[in-house]
Amino acid sequence: MTLPTHSAASVPSPSPSAPPAREGASLHGPVIAWYEANARDLPWRRPEAGAWGVMVSEFMLQQTPVARVLPVYEEWMRRWPRPADLAKEPSGEAVRAWGRLGYPRRALRLHGAAVAITERHGGDVPEHHAQLLALPGIGEYTAAAVASFAYGQRHAVLDTNVRRVLARAVSGEQFPPNATTAAERRLARSVLPEDEDTAARWAAASMELGALVCTAKGERCESCPLSDRCAWRLAGKPEHTGPPRRAQTYAGTDRQVRGKLLAVLREALEPVPQVTLDRVWHDPVQRARALDGLVADGLVEPLENGRYRLPGHRSFPPHQPR
DNA sequence: AACACGTGGCA
DNA sequence: TTGCCAAGTGT
């Protein structure tokens, strides 16, 4: 596997007089050129990361900022350089090494994906979108991202950054809809470069643009390669209308209690007695519900003696075809 | 379709 | 301090 090399010479540029053959043709060139000059040097973008490195990074980056992922990613790749290395560990080790990245079910699913890769794909991250999609924790976005970033394939990689870039540059809206729509997928496919290598560069470049320039708040239009043609900017940057983007509450929720319980178990080297867990939350009803949920999710293993620990053995459910 | 699911930085 | 936000997935 190789990361696409950066070469502006391979970026096709439409002739000045002819109208663009397709809607996205006027987007690729500027954005890819901008990317080649401004892309961050992230470890999972280096060739030595391999498909496994790309995949690990994608799991960690789901809803989690780059800065927080970096140190954990380095530790994981040092400890588990190949899928089989992770697969032979108990799943609880993945949860423990996940640290405070949040959404620890991702760790469990990444472990489950490593097991599946070892069993079904000979230890190599599969290259086909459908094979990736069948792995636990990999949805539409991550399957496209791994296929594109790791294997240079042509896929619409529609994450929150790209959705925002397209919403603004093409649709003239400040923000995309709350949930990804069929219209967005259609738009993303319509602006996808025909050439496979160019499509892979566009995927990485448009995502980086959304992450660094076309941000949710404090967008830096003066640094944007699309500023002269951005539909939203040309319309005077109208404020978002429509349904408010649903706020995510956290304080006092089961999620917070789960987080506190799991934090105790992550730090513990030995199984933890019930009474220790009882100290993390005042409400016994909510506390019990949170603990039951963690057990049901396979994040916590109850032992015969009334103690609890991170799962000591593989506990991910068998693969269910979608 | 709407929710649940962690965590911490920043304005 | 509160609210928003960060490369989503599964049910």
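## Close-up views of a predicted protein–DNA model

**View 1. How DNA strand C meets the protein.** Of the DNA strand C atoms that lie within 4 Å of the protein, 64% are sugar or phosphate atoms, and bases supply the rest. This is a predicted model, so please read every distance in these legends as a computed value. Around DNA strand C you will find 30 residues, and those that come nearest are Gly 137, Thr 142, Asn 161, Arg 245 and Gln 248. Sorted by class, the surface near this strand holds twelve nonpolar, eight polar and ten charged residues. Helices α2 (50-61), α8 (140-149), α9 (160-169) and α11 (196-212) each bring at least two residues to that surface.

**View 2. Phosphate oxygens of DNA strand C and their polar partners.** Which parts of Gln 63, Gly 139 and Arg 164 face the phosphate oxygens here, backbone or side chain? For Gln 63, a backbone N or O atom sits 3.1 Å from a phosphate oxygen of DNA strand C. Gly 139 also uses a backbone N or O atom, at 2.8 Å from a phosphate oxygen of the strand. With Arg 164, an N or O atom of the side chain is 3.1 Å from a phosphate oxygen.

**View 3. The surroundings of DNA strand B.** Here 17 residues gather around the strand, with Arg 68, Arg 100, Tyr 103, Pro 104 and Arg 258 coming nearest. Among the atoms of DNA strand B that come within 4 Å of the protein, 58% belong to sugar and phosphate. The surface near DNA strand B counts eight charged, five polar and four nonpolar residues. Look for helix α13 (residues 254-267), which gives the most to this surface, with five residues.

**View 4. Backbone atoms of Leu 101, Tyr 103 and Pro 104 beside DNA strand B.** What kind of atom in DNA strand B lies 2.9 Å from a backbone N or O atom of Leu 101? The partner of Leu 101 is a base nitrogen. For Tyr 103, a polar backbone atom is 2.8 Å from a sugar or linking oxygen of the strand. Pro 104 has a polar backbone atom 3.4 Å from a phosphate oxygen.

**View 5. A sheet of three strands.** The strands make an open sheet in the order β1-β3-β2, with antiparallel pairing. Both β1 (272-273) and β2 (301-302) stand at the edges with a single partner strand each, so one side of each has no neighbour in the sheet. Strand β3 (residues 307-309) runs antiparallel to β1, and two bridges join them. One residue pair to pick out is Val 272 with its bridge partner in β3, Tyr 308.

**View 6. Cysteines without disulfides.** Searching the whole structure turns up zero disulfides. Cys 214 takes part in none, and the nearest cysteine sulfur, in Cys 224, is 6.1 Å away. Cys 214 is buried, at 12% relative accessible area. For Cys 221, the closest cysteine sulfur is that of Cys 230, and at 6.3 Å it is too far for a bond. Cys 221 counts as buried too, with 15% relative accessibility.

**View 7. Glu 184 and its contacts.** Is Glu 184, a residue of helix α10 (residues 182-190), buried or exposed? Its relative accessible area is 11%, so Glu 184 is buried. The side chains of Glu 184 and Arg 163 are joined by a polar contact of 2.8 Å. Leaving aside residues up to four places away in sequence, Glu 184 touches Leu 158, Arg 163, Pro 176, Pro 177 and Ala 179.

Notes:
Residues numbered from 1 in each chain as written. Chains lettered and ligands numbered in written order. Predicted model: local features only at pLDDT ≥ 70, side-chain atom pairs only at ≥ 80, totals over all residues. Heavy atoms only, no water. Near = heavy atom within 4 Å. Polar contact = N/O pair within 3.5 Å; in protein donor to acceptor, adjacent residues only side chain to side chain. Helix = DSSP H or I, 4+ residues; strand = E, 2+ residues; numbered from the N terminus. Nonpolar A, V, L, I, M, F, W, Y, C, P; charged D, E, K, R; others polar. Pairing = 2+ DSSP bridges. Disulfide = S-S within 2.5 Å. Buried < 20%, exposed > 50% of the residue type's maximum accessible area, 1.4 Å probe, protein only. Contact = heavy atoms within 4.5 Å.
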